[in-house]
Amino acid sequence: MKKIFILLFIFSSLLLSDEAHDIINKLDENMRGKNIYIMMSMKVVSMGHQREMKIESYSQGTKKSFVKVLYPPKDKGITFLSLDNQMWQYVPKIERIIKIPPSMMLQNWMGSNITNDDMVKQSSIIEDYNPRILEKNGTVVTIELMPKEDAAVVWGKIIINIDTATYTSNKDIFYDEEGKEVRVFLYDKVQKHGKYYIPTYWKIQPSDNKNSFTEIILEDVKYDTDISEQYFKKSALQRFSR
């Protein structure tokens, strides 16, 4: 009888593991598609000050991403490129391309509450993390993501609340390697684009500073469009900066 119980436990654990992988796969597909273009506005609030930015990004899979700052004028034309886990920045004012080392992927991007890693979508939850279902509440499933042993990731753990009606997240909690909560992503205003669903309002809140946050509004989203491969070459940093 004990052996049967153990076998049933192992079988149910495998089923839950398969379900967790399936949910995460669908979430990742919704966020990326085959490729995706996004025009977004960003508001950064910190120490009583507020500033706004406009950004456009082009992404293909988990290894290719190009980002350009459109506003404010002082930052216009700053570009970022991520290729195969390497990242570069071009600054027009000094006409210089800077390679960003892996050690700086956790640093804040342009003074916001998102990181360099977030902005270029370098980490893949599919490739880098093992998912496990923690809880189910109606259509919302809470999944814990733990990094794989050989994964070069910046987070020690991520907890995600996913609405399986649309396979979009409504809340992500990020933890450091010591298990301390670092920040929370909140998502709202889900829109459908073709076969994909995506939240168009994001709020990033540091866990240790409630007076600082970043809001992102996705103003334009295009999935699976004809994005030129020219965006994913190092020459793009200067070429598309103009």
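This briefing describes the packing, strand pairing, charged contacts and selected loop residues of the structure above. The model is a predicted one. Its largest nonpolar core holds 46 residues, and a second, separate core holds 14. The salt bridges number 11, and several of them are described below together with a buried glutamate that has none.

**Nonpolar cores**

- Within the largest nonpolar core, which has 46 residues, Trp109 and Ile143 are the members that touch the most others.
- Strand β1, spanning residues 35-46, supplies the largest share of this core, with 5 residues.
- A further core of 14 residues is separate from that one, and its members include Met39, Tyr58, Phe232 and Phe240.
- Leaving aside residues up to four places away in sequence, Trp109 is in contact with Met42, Met53, Ile55, Val67, Val69, Phe80, Ile114, Thr115, Asn116 and Met119.

**Strands β4, β5 and β6**

- Strand β5 covers residues 86-91 and is mostly covered, with 5 of its 6 residues buried.
- On one side of the pairing scheme, strand β4 (residues 79-83) runs antiparallel to β5, and 5 bridges link the two.
- Leu81 has Trp88 of β5 as its bridge partner.
- The hairpin formed by β4 and β5 leaves 2 residues between the strands, and Asp84 in its turn adopts a positive phi of about 45 degrees.
- Strand β6 (residues 96-100) also pairs with β5 in the antiparallel sense, again over 5 bridges.
- In this second pairing, Met87 stands opposite Ile100 of β6.
- The hairpin of β5 and β6 has 4 residues between its strands, and Glu95 there has a positive phi near 50 degrees.

**Salt bridges**

- The total count of salt bridges in the model is 11.
- In helix α1 (residues 2-32), Asp22 and Lys26 lie 4 residues apart, about one turn of the helix.
- The side chains of Asp22 and Lys26 form a salt bridge with an N to O distance of 3.4 Å.
- Both partners are partly exposed: Asp22 has a relative accessible area of 35%, and Lys26 has one of 34%.
- Arg32 and Asp28 form another salt bridge, at 2.9 Å from N to O.
- Arg32 and Asp28 are separated by about one helical turn, because they are 4 residues apart in helix α1.
- Arg32 is classed as buried because its relative accessible area of 11% is under the 20% limit.
- Asp28 is likewise buried, with a relative accessible area of 12%.
- Lys74 and Asp75 also form a salt bridge, in which the closest N and O atoms are 3.3 Å apart.
- The partners in this bridge fall into opposite classes: Lys74 is exposed at 54% relative accessibility, whereas Asp75 is buried at 10%.

**A buried glutamate without a salt bridge**

- Glu56 is located in strand β2, which spans residues 49-60.
- Although Glu56 is buried, it has no salt bridge, and Lys68, the nearest side chain of opposite charge, is 4.8 Å away.
- That separation exceeds what the criterion allows, because a salt bridge requires the nitrogen and the carboxyl oxygen to be within 4 Å.
- The side chain of Glu56 does have a polar contact with that of Tyr37, at 3.0 Å.
- Apart from residues up to four places away in sequence, Glu56 touches Tyr37, Ile38, Met39, Phe66, Val67, Lys68 and Leu70.

**Two loop residues**

- Thr166 is found in the loop between β9 (157-163) and β10 (168-175).
- Despite its position in a loop, Thr166 counts as buried, because its relative accessibility is 16% and the limit is 20%.
- The side chains of Thr166 and Thr168 make a polar contact of 2.7 Å.
- Thr166 also touches Asn30 and Tyr197, with residues up to four places away in sequence not counted.
- Ala152 belongs to the loop between β8 (140-147) and β9.
- Ala152 is exposed, with a relative accessible area of 75%.
- The C-alpha atoms of Ala152 and Val182 are 18 Å apart, and the two residues are separated by 30 residues along the chain.

Key. Residues numbered from 1 in each chain as written. Predicted model: local features only at pLDDT ≥ 70, side-chain atom pairs only at ≥ 80, totals over all residues. Heavy atoms only, no water. Core = buried A, V, L, I, M, F, W, Y, C linked by side-chain atoms within 4.5 Å. Buried < 20%, exposed > 50% of the residue type's maximum accessible area, 1.4 Å probe, protein only. Contact = heavy atoms within 4.5 Å. Pairing = 2+ DSSP bridges. Polar contact = N/O pair within 3.5 Å; in protein donor to acceptor, adjacent residues only side chain to side chain. Lys, Arg positive; Asp, Glu negative; His and termini not counted.
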